[in-house]
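Reader: I should like a close look at one part of this model, followed outward to whatever adjoins it. Please keep the account formal and connected.

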Amino acid sequence: GFFMITIDDVTYTEDDLSEVAQMHVKRVNDLREESSKLQMMLEEKNVLISAYANAIRESLKEVEEAEEA
């Protein structure tokens, strides 16, 4: 298959690379994709953490208001 990879601002095609390097390119691309998915999951987890923290704050406000009443 035809592919390109950019390393240190230089773009290479598979014709420029040995078979071993081509395997490494495939692995790098797989790892970049995986890394990107993990980054998105991490961002989603942080959103959930914020939502739970806000829910805790709200419940504390309700307790304080109930105690003041």
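Author: Asp9 is found in the loop between β1 and β2. In this predicted model, Asp9 has a positive phi of about 65°, although Asp9 is not a glycine. Asp8 is also placed in the loop between β1 and β2, and the phi of Asp8 is near 55°, again a positive value in a residue other than glycine. These values deserve mention because most residues other than glycine have a negative phi. As to solvent, Asp9 is exposed because its relative accessible area is 78%, a figure over the 50% that marks exposure. Asp8 is likewise classed as exposed, since its relative accessible area is 71%.

The two strands that flank this loop form a hairpin with two residues between them. Strand β1 covers residues 4-7 and strand β2 covers residues 10-13. The pairing of β1 with β2 runs in the antiparallel sense and comprises four bridges. Two of the facing positions may be named. Ile5 stands opposite Tyr12 in β2, and Met4 has Thr13 of β2 as its bridge partner. In a regular strand, side chains alternate between the two faces of the sheet.

Beyond the hairpin, attention turns to helix α1, which spans residues 19-68. The structure holds three salt bridges, and each may be taken in turn. Side chains of opposite charge can pair when their charged atoms come close.

In one of these salt bridges, the side chains of Lys26 and Asp30 meet at 3.4 Å, N to O. Lys26 and Asp30 are separated by about one helical turn because they lie four residues apart in helix α1. The partners also have their accessibilities: Lys26 counts as exposed because its relative accessibility is 53%, whereas Asp30 is partly exposed, with a relative accessible area of 33%.

Another salt bridge joins the side chains of Lys37 and Glu33, at 3.5 Å from N to O. Both Lys37 and Glu33 lie in helix α1, four residues apart, which is about one turn of the helix. Lys37 counts as partly exposed, with 48% relative accessibility, and Glu33 counts as partly exposed at 46%.

The remaining pair to describe is Lys61 with Glu58, whose side chains meet in a salt bridge of 3.2 Å, N to O. Here the two residues of helix α1 are three residues apart, about one turn of the helix. Lys61 is partly exposed because its relative accessible area is 43%; Glu58, at 41%, is partly exposed as well.

Helix α1 also leads to a feature of charge on the surface. Glu62, Glu64, Glu65, Glu67 and Glu68 gather there in a patch of negative charge. Of these residues, Glu68 has its place in helix α1. Glu68 counts as exposed because its relative accessibility is 67%.

To return to the starting point, the part requested is the turn of a hairpin formed by β1 and β2. Asp8 has a positive phi, as does Asp9, and the strands on either side are paired over four bridges.

Note on methods:
Residues are numbered from 1 along each chain as its sequence is written. This is a predicted model: local features need pLDDT of at least 70, side-chain atom pairs count only at pLDDT 80 or more; totals for chains, interfaces and linings use all residues. Side-chain values use heavy atoms; hydrogens and water are left out. Patches are made of residues with over 30% relative accessible area and no salt bridge: like charges are joined within 9 Å, nonpolar side chains (Val, Leu, Ile, Met, Phe, Trp, Tyr) within 5 Å. Accessible areas come from the Shrake-Rupley method with a 1.4 Å probe; for residues, only the protein chains shown count as cover. A salt bridge is a side-chain nitrogen of Lys or Arg within 4 Å of a carboxyl oxygen of Asp or Glu. Lys and Arg count as positive and Asp and Glu as negative; His and the chain ends are not counted. The place of a charge is taken as NZ of Lys, CZ of Arg, CG of Asp or CD of Glu. Buried means under 20% relative accessible area, exposed over 50%, partly exposed in between (1.4 Å probe, protein chains only). Two strands pair if DSSP finds at least two bridges between them.
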